[in-house]
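Subject: Handing over a structure, with notes

Dear colleague,

I am passing on the structure we spoke about, and I would be glad if you could look through it with the notes below at hand. Please open it before you read on.

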Amino acid sequence: MTGKTGNETPMSRFARDLLPVLLVGASLCLAAPGAFAADEADAPPRGPAVTVLKATKSCFGNIVEVSGTIIPREETQVRPERPGLKVADVMADAGDTVTAGQTLARLTPPEGGSVQVLAPVAGVISISTAAVGATASGKGEALFSIITRGEFDLVGLVPTRDIAKLQVNQLARIKVIGAGEVDGKVRRLSTTVEPNSQLGQVFIGITTNRRLLVNSSGRAQIKTGQSCGIAVPLTAILYGSAGTVVQVVRRQRVETRRVETGLMSAGQVEIREGIAEGDIVVARAGALLREGDPVRPVMADAK
């Protein structure tokens with residue numbers, strides 16, 4: 001250790017006192033690059049925050065929808081066998097459910113006596129024109145129309161591409177206006193299509209104890225198959241001049257992936273090609289995000 005000398009000048013004392021300060025400054029300068037790098041590594045990512053989610057696997061039902069009209073599958077007309085009869089009494093009305101052999105009305109011939117009109121089949125009376133005092137004839141207007149066994153069909157039109165997916169006896173779920181949901185089954189398929197519209201007719205038999213209104217509207221959903229694959233929300237799909245794309249976040253930057261879509265169900269879209277399970281997908285794709293843009297991903301369930 002160097003001691004002070006009696007001939008030390010003011011300038012030399014200043015240099016001696018400044019030396020420790022210079023050494024500390026030099027040390028700080030040498031340490032600065034690493035400190036700055038650490039601060040940069042710890043800094044939050046640049047760019048806007050975007051809501052993301054993981055692409056997951058899901059199964060989609062291949063559904064064919066049929067809209068149409070409810071009609072009786074078969075109607076039986078009830079008339080007396082001989083002319084010249086008058087209606088003396090009416091025992092049933094439209095909307096009634098009747099059994100085979102049930103008395104519907106009583107008629108009187110000119111010579112007196114009584115003739116009973118019986119239901120030839122079980123079912124639901126859809127129309128009744130029987131009125132006391134009216135004339136009944138075997139060739140005139142039917143006294144009663146009975147929907148045989150209370151069976152109905154939903155008759156609708158579907159595109160040619162969907163007819164190929166349908167088969168007799170496929171199950172259907174039908175929403176009927178005024179009656180709610182009922183079960184059905186494909187009963188018959190048209191063998192021809194209308195040339196201009198390219199639509200074919202489908203008959204779906206309805207099984208229910210509910211009273212249905214003839215000519216009411218209904219919509220059937222028929223599940224024709226199932227496909228399982230990667231699923232994303234419909235909002236994650238972006239349609240543009242580049243085709244159908246999904247925006248993926250990788251290393252905190254946007255990547256645009258062109259995809260092939262499949263079936264849709266409940267707001268989800270099947271992705272058959274373009275992304276894999278576990279990919280981080282922008283939940284709501286938008287034209288403002290471009291390839292390579294930095295973003296701050298926020299998981300949808302973490303918001």
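What follows is an account of a pocket, a disulfide, a contact between a charge and a ring, and a few single residues. Please keep in mind throughout that this is a predicted model.

I will begin with the largest pocket, whose volume is about 260 Å³. Its lining is made up of 15 residues, and those that lie nearest the centre are Gly95, Val124, Phe152, Arg211 and Leu212. If you sort the lining by class, you will find seven nonpolar residues, six polar ones and two charged ones. Strand β8, which covers residues 123-128, supplies the largest share of that lining, with three residues.

Glycine 123 belongs to strand β8 as well, and with a relative accessibility of 5% it is counted as buried, because the limit for that class is under 20%. In space, the C-alpha of glycine 123 is 8.5 Å from that of aspartate 96, while the two residues are 27 apart in sequence.

The next item is the disulfide, and the count by the rule used here comes to one. Which cysteines does the disulfide join? They are cysteine 59 and cysteine 228, with a distance of 1.9 Å from S to S. The two partners come from distant parts of the chain, since cysteine 59 lies in strand β2 (residues 56-72) and cysteine 228 in strand β15 (residues 217-233), 169 residues apart. The torsion about their S-S bond is about 100°, and the disulfide is therefore right-handed. As for accessibility, cysteine 59 is partly exposed at a relative accessible area of 43%, and cysteine 228 is likewise partly exposed, at 48%.

Turning to the aromatic rings, the count of aromatic pairs comes to zero. There is, however, a contact between a charge and a ring to look at, in which the charged end of arginine 188 sits over the ring of phenylalanine 203, at 3.9 Å from the centre of that ring.

Another arginine that deserves a look is arginine 46, which you will find in the loop between α1 (10-42) and β1 (49-54). Is arginine 46 buried or exposed? It counts as exposed, because its relative accessibility is 61% and the class begins over 50%. Arginine 46 is also 6.2 Å from valine 295, C-alpha to C-alpha, although 249 residues separate the two in sequence.

Lastly, I would point you to two residues with an uncommon backbone angle, given that most residues other than glycine have a negative phi. Glutamine 198 has a positive phi, near 55°, and is not a glycine; this residue sits in the loop between β13 (180-193) and β14 (199-207), where it is partly exposed with a relative accessible area of 39%. Alanine 266, also not a glycine, has a positive phi of about 50°, and its place is in the loop between β19 (260-265) and β20 (268-273). With a relative accessible area of 81%, alanine 266 is exposed.

With kind regards

Key: Residues are numbered from 1 along each chain as its sequence is written. This is a predicted model: local features need pLDDT of at least 70, side-chain atom pairs count only at pLDDT 80 or more; totals for chains, interfaces and linings use all residues. Side-chain values use heavy atoms; hydrogens and water are left out. On a 1 Å grid over the protein atoms alone, a cavity is a set of points where a 1.4 Å probe fits but cannot get out, and a pocket is an open set with protein on both sides within 12 Å along at least five of seven lines; lining residues have an atom within 4 Å of a point. Grid points are joined across faces, edges and corners, and a volume is the space filled by probe spheres set on the points. Helices (H or I, at least four residues) and strands (E, at least two) are DSSP runs, numbered from the N terminus. Ala, Val, Leu, Ile, Met, Phe, Trp, Tyr, Cys and Pro count as nonpolar, Asp, Glu, Lys and Arg as charged, and the others, Gly among them, as polar. A disulfide is a pair of cysteine sulfur atoms within 2.5 Å. Buried means under 20% relative accessible area, exposed over 50%, partly exposed in between (1.4 Å probe, protein chains only). Rings of Phe, Tyr and Trp (its six-membered ring) pair if their centres lie within 6.5 Å; planes under 30 degrees apart count as stacked, over 60 as edge-to-face and the rest as tilted. A charge sits over a ring if NZ of Lys or CZ of Arg is within 6 Å of the ring centre and within 35 degrees of the ring normal.
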